[in-house]
Amino acid sequence: MVKRYTGRLLSAVLWLSLSLAGLRGWGFLRSLRTGDPPVWRMYDPASFLYGSWPYFAVVMVLNVGLYIWEVNYYKPEPLKRILFWVGMLGLAALALYPVGSKDLFGYAAYARLHAHYGMNPYLARVADVVAFRKDLFLKNMFWVQHGTPYGPLWTWLAFATYRMIAPFGLLPLLFSYKIIGLLAHLLVTAMAYRVGEVLSPGRGPQAAVLYGLNPLAIFELVANGHNDGLGLLLLLVSLWLVLRARRGEGFLFAGLANVYKLSAGLVVPFMLWMTVRKGKWRMAVAGAGVIVLVFITMYLPFWNGGAIFTGLLTTVGGYYSNSLPVLPYFLGYPKELVSCFHLAGLLAFILCYILLLYRTGRGNRDTLLVASGLGFIAYFLLGAGVVHRWYYLWPLALMVAVPRSPWTRMVVWQTLLLVLSYTLMFALKGRVIDLFTYFSVLVPVIIMAVRRLGRNPLRCTQEKLV
């Protein structure tokens, strides 16, 4: 038994080593005074925490290698055992300082505005607080001129967490968000198992291993504490219910997923269209009504002026800093060309999305999961023109339920490339790394699309995953 799981034990040790190194950063954060500059201005995280970025790079490369070994030599096992190992890896990564994103500090800041200052987080900005650099909960916020981009379900959860934990200090609040990320990661792993089993009995364990042990998922949801996990959970629950012909409940959870993270709405048209194609158009209309009702009800407490529309624009607008439209800047072209470039990408996304919907209507239940995942990728690469690494957890969580699809194999490879891209981000500074991130996920899509020309593009195969 020990010999079989030696790779997982080694992976847990690797994550633990990064966590122990990261304790230095937590100690430094604890010693910050109100007069100090923000933590992100004071040091380079990888060099400060780990002595040098190569140490971080070696650990990440080894974890990627162990994951490849795991999925290539996969053997079925019970869900409880998979969750045990996922929990072990997650706990080992829990204390890792969030070196890949500043979002964790943003969660604390928005919750502070909402719960402590009584401000509407969709309208208020951190900069609206006089001398916000003197507030320990606000001073480390990076986006001081932006309202919250998150849905009201997360806003209320962050509010409740703040009320319970913030009296004990900033560090306990930050760790509480990371613990939420770990719990969500475990639950998403379990739901990936359930969805896989509904689609094809015996498929669940492979889906759970592919998602739960994925190093990008562990790093983003646990180490960096991103809040995407609960949105993924709600979305998978909705799909699981729809696949089991419990569509009314499924659309309710789809609505909750949408008001947690607005990007979850990308899957809703696929669910509605599949329902219509089965001849249940009245159920589809009722489901759409439920989703709209949930949206209005949850946003209603914040519906003040243009707050909600401001939040929508913040969420779906994307950032040019790490997207393809930044290329004309390097060539010296004017800003107008960049806007045209982005508009062309949006039109291309709409065409791709319509094609995926068409394929979903003609396909089976596997097609629903694969096409939904590709809908996310089309939006990231074309519509929003932005690729943040943790965004790829959305297509990953959907598509692992169809592990033998060539598109699933492509997404798994992309997540590994994104993990490794962090090592370059720490080694080299500047936009060139952001462009590398973009092309590292764009090029595999182009290659796969060309290879699938003339064939059913969403057909599953029996090829190895990685």
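**Notes on the helix packing in this model**

1. Contacts first: of those in the protein chain with a separation of 6 or more, 78% are between residues 24 or more positions apart. Keep in mind that this is a predicted model. The protein chain has 20 helices and zero strands, and buried residues make up 58% of its 466 residues.

2. Let's start at the N-terminal end, with helix 1 (residues 6-30) and helix 3. Their axes come within 10 Å and cross at roughly 155 degrees. An angle over 145 counts as roughly antiparallel, so that is how helix 1 runs relative to helix 3. The crossing here is left-handed.

3. Who touches whom in that pair? From helix 1 come Gly 7, Arg 8, Leu 10, Ser 11, Leu 14, Trp 15, Ser 17 and Leu 18, and they meet Tyr 55, Phe 56, Val 59, Met 60, Leu 62, Asn 63, Leu 66 and Glu 70 of helix 3. Sorted by class, this contact has ten nonpolar, four polar and two charged residues.

4. Asn 63 deserves a look of its own. This residue sits in helix 3 (residues 53-72). Is Asn 63 buried or exposed? With a relative accessible area of 3%, Asn 63 counts as buried, since the cut-off for buried is under 20%. Leaving out residues up to four places away in sequence, Asn 63 touches Ser 11, Leu 14, Trp 15 and Pro 215. Ser 11, Leu 14 and Trp 15 also appear on the helix 1 side of the contact with helix 3.

5. Next, helix 4 (residues 79-93) against helix 7 (residues 170-199). The two axes come within 10 Å and cross at roughly 155 degrees, which means helix 4 is roughly antiparallel to helix 7. This crossing is right-handed. Helix 4 puts in Leu 79, Ile 82, Leu 83, Val 86, Gly 87, Gly 90, Leu 91 and Ala 93, while helix 7 answers with Lys 178, Leu 182, His 185, Leu 186, Thr 189, Ala 190, Tyr 193 and Arg 194. The split is ten nonpolar, four polar and two charged.

6. Helix 7 also packs against helix 6 (residues 152-165); the axes come within 10 Å, and the crossing angle is roughly 135 degrees. The pair is therefore oblique, with a right-handed crossing. Trp 154, Ala 158, Thr 161, Tyr 162 and Ile 165 of helix 6 make the contact with Pro 172, Leu 173, Ser 176, Tyr 177 and Ile 180 of helix 7. By class, that is eight nonpolar, two polar and no charged residues.

7. Now the core. Nonpolar side chains tend to be buried together in soluble globular proteins. In this model, the largest nonpolar core has 146 residues, and the members touching the most others are Trp 15, Tyr 177 and Leu 369. Which helix gives the most to this core? Helix 7 does, with 15 residues. Two of those top members have come up already: Trp 15 in the contact of helix 1 with helix 3, and Tyr 177 in the contact of helix 6 with helix 7.

8. That leaves Leu 369. Setting aside neighbours within four places in sequence, Leu 369 is in contact with Val 195, Leu 199, Leu 239, Leu 243, Leu 398, Met 399, Ala 401 and Val 402. Apart from the largest core lies another, of eight residues, including Leu 262, Val 294, Phe 295 and Tyr 299.

How values were computed. Residues are numbered from 1 along each chain as its sequence is written. This is a predicted model: local features need pLDDT of at least 70, side-chain atom pairs count only at pLDDT 80 or more; totals for chains, interfaces and linings use all residues. Side-chain values use heavy atoms; hydrogens and water are left out. Axes are lines fitted to C-alpha atoms, for helices over the stretch in contact, and angles run from 0 to 180 degrees between N-to-C directions. Helices (H or I, at least four residues) and strands (E, at least two) are DSSP runs, numbered from the N terminus. Angles under 35 degrees count as roughly parallel, over 145 as roughly antiparallel, 65 to 115 as roughly perpendicular and the rest as oblique. A crossing is left-handed if the near helix is turned anticlockwise from the far one by less than a right angle, and right-handed if clockwise. Contact means heavy atoms within 4.5 Å. Ala, Val, Leu, Ile, Met, Phe, Trp, Tyr, Cys and Pro count as nonpolar, Asp, Glu, Lys and Arg as charged, and the others, Gly among them, as polar. A nonpolar core is a set of buried Ala, Val, Leu, Ile, Met, Phe, Trp, Tyr and Cys residues joined through side-chain atoms within 4.5 Å. Buried means under 20% relative accessible area, exposed over 50%, partly exposed in between (1.4 Å probe, protein chains only).
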